[in-house]
Amino acid sequence: WFHKPVVNQELLQSLPNLKVVASAGVGTDHLDLKLLSSRGVKVSNTPFVVSTDTADLGMALMLASSRRIVEGHQIAVSPNTQHFAADWLGTEVSGATLGIVGMGTIGYKVAQRARAFEMKILYYNRRQRNKEEEGAVGAIYCKKIDDLLQQSDFVLLSVNLTPQTHKLIGKRELELMKPTATLINISRGLVVDQDALVEALQNGVIKAAALDVTHPEPLPRDHPLLKLGNVVLTPHIGSATRQTRRRMMEGMLESIQAALAGLPIPNEVL
């Protein structure tokens, strides 16, 4: 659990009869798939079961950041608070433009939720969704990520970590965003150039960030992201509900049993 034990050459040599590695969640960036395949070891994950809760968290982060909920809680419970300031303001979500980078299962569920907030939805993806899927959520496809970044009030990252998406959002991309925009990351920490993000947040290049993922996790306790007032951080809890974690475990068990029985493996990663 949580990528432990590390599946490396040493572990595989000590387990010559290993048939399957069952991994929780969507991402398999922590596994050397070529190495596993070369040893005849199957890999499974639990991609679909996590999507609803992770989409919910994406919306929660957007609302928490835009309405300054964490700061508001601190003001409300502070022993030094004597009155609530009339000019303490957040940012409106309803009617704003949401840019979704990665319109897979999770990204699409975010779009479904954002539609209920009457948001304008842009998305950037390896492939364009069909017209029926776009129409159901009112999403507009951007062929270039630059167009999405320049137009969006909120940019939400929901992509797998691959060599192509490693540091997908860097200094150039952050500078394309509006100075009033918020970056939300529910994918993987390494999708963002973290040093560039810190600099952008400190210098007002973008307004705020709401992050469920960082690199490393947890961050060193002296990391500058932990000290910025315009950052909301959660401890990688996209799928962390009792119900979903149980379904993840059940899916992993199902894959393990199928592999041991020589049957087709549900959610096999090829």
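Student: Let's start with helix 9: which helix and strands do its buried residues pack against?

Tutor: Keep in mind that we're looking at a predicted model. Helix 9 covers residues 194-202, and its buried residues are Gln194, Ala196, Leu197, Val198, Ala200 and Leu201. The elements those buried residues pack against are helix 8 (171-176), strand 7 (182-185), strand 8 (208-211) and strand 9 (231-233).

Student: And at the start of helix 9, which backbone nitrogen does a side-chain oxygen of Asp193 reach?

Tutor: Look at the start of the helix, where the Asp193 side chain sits. One of its oxygens comes to within 3.3 Å of a backbone nitrogen, and that nitrogen belongs to Asp195.

Student: What about just after helix 9: which residue takes a positive phi there?

Tutor: Move along to the stretch just after the helix and check the backbone angles. A phi of about 75 degrees turns up there, and the residue that takes it is Gly204.

Student: Let's zoom out. Which residue ranges make up domain 1 and domain 2?

Tutor: Each domain is put together from two pieces of the chain in the domain assignment. Domain 1 is 9-48 + 240-261, and domain 2 is 51-80 + 87-233.

Student: How much area is buried between domain 1 and domain 2?

Tutor: The centres of the two domains, taken over C-alpha atoms, are 29 Å apart. At the interface, 7 residues of domain 1 are in contact with 6 residues of domain 2. Carbon and sulfur atoms give 40% of the buried area, and that area is about 560 Å².

Student: Which three residues of domain 1 supply 65% of the area it buries against domain 2?

Tutor: You're after the trio that gives more of that area than any other three residues of domain 1. Those residues are Val26, Asp29 and Phe48.

Student: How many residue pairs are in polar contact across that interface?

Tutor: First, the make-up of the domain 1 side that touches domain 2: 3 nonpolar residues, 3 polar and 1 charged. The interface also has 1 salt bridge across it. As for residue pairs in polar contact, the count is 4.

Student: Which residue forms a salt bridge with Arg188?

Tutor: Side chains of opposite charge can pair when their charged atoms come close. For Arg188, the closest N and O atoms of the pair are 3.3 Å apart, and the partner is Asp29.

Student: How far apart in sequence are the parts that Glu268 and Lys42 tie together?

Tutor: The structure holds 11 salt bridges, and one of them joins Glu268 to Lys42, with 3.6 Å between the closest N and O atoms. Glu268 lies in the segment after helix 10 (242-260) and Lys42 in strand 2 (residues 42-44), so the parts they tie together are apart in sequence by 226 residues.

Student: Is Lys42 buried, exposed or partly exposed?

Tutor: Its partner Glu268 has 29% relative accessibility and counts as partly exposed. Lys42 comes in at 40%, which is not under 20% and not over 50%. That makes Lys42 partly exposed.

Student: Which helices do Asp56 and Arg113 tie together?

Tutor: The side chains of Asp56 and Arg113 meet in a salt bridge, 2.6 Å from N to O. The two residues are 57 residues apart in sequence, so this pair ties together separate parts: helix 3 (residues 51-66) and helix 5 (residues 105-116).

Student: Which helix holds both Glu250 and Arg246?

Tutor: These two form a salt bridge as well, with the closest N and O atoms 3.3 Å apart. Glu250 is partly exposed at 42%, whereas Arg246 is exposed at 59%. They're 4 residues apart, about one turn of the helix, and that helix is helix 10.

Student: Where is Met103, and is it buried or exposed?

Tutor: Among the residues Met103 touches are Tyr108, Tyr123 and Arg129. Its C-alpha atom is 8.7 Å from that of Arg127, which is 24 residues away along the chain. Met103 sits in the loop between strand 3 and helix 5, and with a relative accessible area of 2% it is buried.

Student: Last one: which strand is Thr97 in?

Tutor: Thr97 is buried, with a relative accessible area of 12%. Its contacts beyond its neighbours in sequence include Met119, Leu122 and Phe154. The strand covers residues 97-101, and it is strand 3.

Conventions
Residues are numbered from 1 along each chain as its sequence is written. This is a predicted model: local features need pLDDT of at least 70, side-chain atom pairs count only at pLDDT 80 or more; totals for chains, interfaces and linings use all residues. Side-chain values use heavy atoms; hydrogens and water are left out. A salt bridge is a side-chain nitrogen of Lys or Arg within 4 Å of a carboxyl oxygen of Asp or Glu. Buried means under 20% relative accessible area, exposed over 50%, partly exposed in between (1.4 Å probe, protein chains only). Domain bounds come from an automatic or database domain assignment. Contact means heavy atoms within 4.5 Å. Buried area is the accessible area (1.4 Å probe) that two parts lose on being put together, summed over both. A polar contact is a pair of N or O atoms within 3.5 Å; within protein, one must be able to donate a hydrogen and the other to accept it, and residues adjacent in sequence count only if both atoms are side-chain atoms. Ala, Val, Leu, Ile, Met, Phe, Trp, Tyr, Cys and Pro count as nonpolar, Asp, Glu, Lys and Arg as charged, and the others, Gly among them, as polar. Lists of a residue's contacts leave out its neighbours within four places in sequence.
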